[in-house]
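Let's take a friendly walk through this model together. Have the coordinates open as you read.

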Amino acid sequence: CKNTGQAMLGLGITLVVLGSLSTILGIAAAAAYPSEIYSRMYGPIWAGIFVVITGAIGIMAGRNFNREGAPTGFTPAFLTLSIIGIFAAMSQASVSGTAAGV
């Protein structure tokens with residue numbers, strides 16, 4: 001089974017789309033509720049930007065993997081940012097959950 005990097009490319013594209021959606025919805029929430037303390041923390045915006053950056057690294061890792069046939073420096077960077085992104089998403093979920101309960 002030869003790895004061609006297609007999984008990293010697909011995951012990177014998915015992360016860019018979902019991160020953009022999080023950023024757009026975060027901006028809409030901040031505009032709709034400007035006086036709320038949780039809206040001013042901009043959790044979805046920051047987490048969405050981080051996820052977009054992680055997705056861009058994933059796209060570069062997938063494309064370079066195809067070109068060279070072996071993992072490049074983007075592959076460990078993508079793995080590291082993906083793990084950190086899990087914690088960013090958890091913090092965004094906790095802020096959003098706290099705001100929903102208020």
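What follows goes from the overall fold to the helices, the core and the surface.

## Overall layout

This is a predicted model. The protein chain holds 4 helices and 0 strands, and from the N terminus its elements run α-α-α-α.

Of the 102 residues in the protein chain, 29% are buried. The accessible surface amounts to about 6,300 Å², and carbon and sulfur atoms account for 73% of that area. If you like to think in contact maps, take the contacts between residues at least 6 apart in sequence: 72% of them join residues at least 24 apart.

## Helix H1

Helix H1 covers residues 6-32, which is 27 residues. At 1.5 Å a residue it should span 39 Å, and its end C-alpha atoms are 39 Å apart, so the expected and modelled spans agree.

Which residues of H1 are buried? They are Met 8, Leu 9, Gly 12, Leu 15, Gly 19, Ser 22, Thr 23, Gly 26 and Ala 30. A general point helps when reading such a list: an α-helix has 3.6 residues a turn, so residues three or four places apart point the same way.

Ile 27 also lies in helix H1. Its relative accessible area is 48%, and because exposed means over 50%, Ile 27 counts as partly exposed. The C-alpha atoms of Ile 27 and Pro 44 are separated by 8.1 Å, with the two residues 17 apart along the chain.

## The nonpolar core

The largest nonpolar core has 8 residues in all: Met 8, Leu 15, Val 51, Ile 57, Ala 61, Phe 65, Phe 78 and Leu 81. At least two residues of this core come from each of H1, H3 and H4, and H3 gives the largest share, with 4 residues. As a general background, nonpolar side chains tend to be buried together in soluble globular proteins.

Two of these core residues, Met 8 and Leu 15, are among the buried residues of H1.

## Phe 50 and its contacts

Phe 50 sits in helix H3, which covers residues 43-68. Is Phe 50 buried or exposed? Neither label fits: with a relative accessible area of 22%, Phe 50 is partly exposed, because buried means under 20%.

Setting aside neighbours within four places in sequence, Phe 50 is in contact with Leu 81, Ile 84, Gly 85 and Ala 88. One of these, Leu 81, belongs to the largest nonpolar core. Another is Ile 84, 34 residues away along the chain from Phe 50, with 9.3 Å between their C-alpha atoms.

## A nonpolar patch on the surface

Leu 79, Ile 83, Ile 86, Phe 87 and Met 90 make a nonpolar surface patch of about 520 Å². Leu 79 is found in helix H4, residues 74-101, and Ile 83 has its place in H4 as well.

How do these two patch members rate for accessibility? Leu 79 counts as exposed, at 53% relative accessibility, whereas Ile 83 counts as partly exposed, at 42%. For a distance to check in your viewer, Ile 83 and Thr 54 are 9.9 Å apart, C-alpha to C-alpha, and 29 residues apart in sequence.

Conventions: Residues are numbered from 1 along each chain as its sequence is written. This is a predicted model: local features need pLDDT of at least 70, side-chain atom pairs count only at pLDDT 80 or more; totals for chains, interfaces and linings use all residues. Side-chain values use heavy atoms; hydrogens and water are left out. The expected span of a helix is 1.5 Å times one less than its number of residues. Buried means under 20% relative accessible area, exposed over 50%, partly exposed in between (1.4 Å probe, protein chains only). Patches are made of residues with over 30% relative accessible area and no salt bridge: like charges are joined within 9 Å, nonpolar side chains (Val, Leu, Ile, Met, Phe, Trp, Tyr) within 5 Å. Accessible areas come from the Shrake-Rupley method with a 1.4 Å probe; for residues, only the protein chains shown count as cover. A salt bridge is a side-chain nitrogen of Lys or Arg within 4 Å of a carboxyl oxygen of Asp or Glu. Contact means heavy atoms within 4.5 Å. A nonpolar core is a set of buried Ala, Val, Leu, Ile, Met, Phe, Trp, Tyr and Cys residues joined through side-chain atoms within 4.5 Å.
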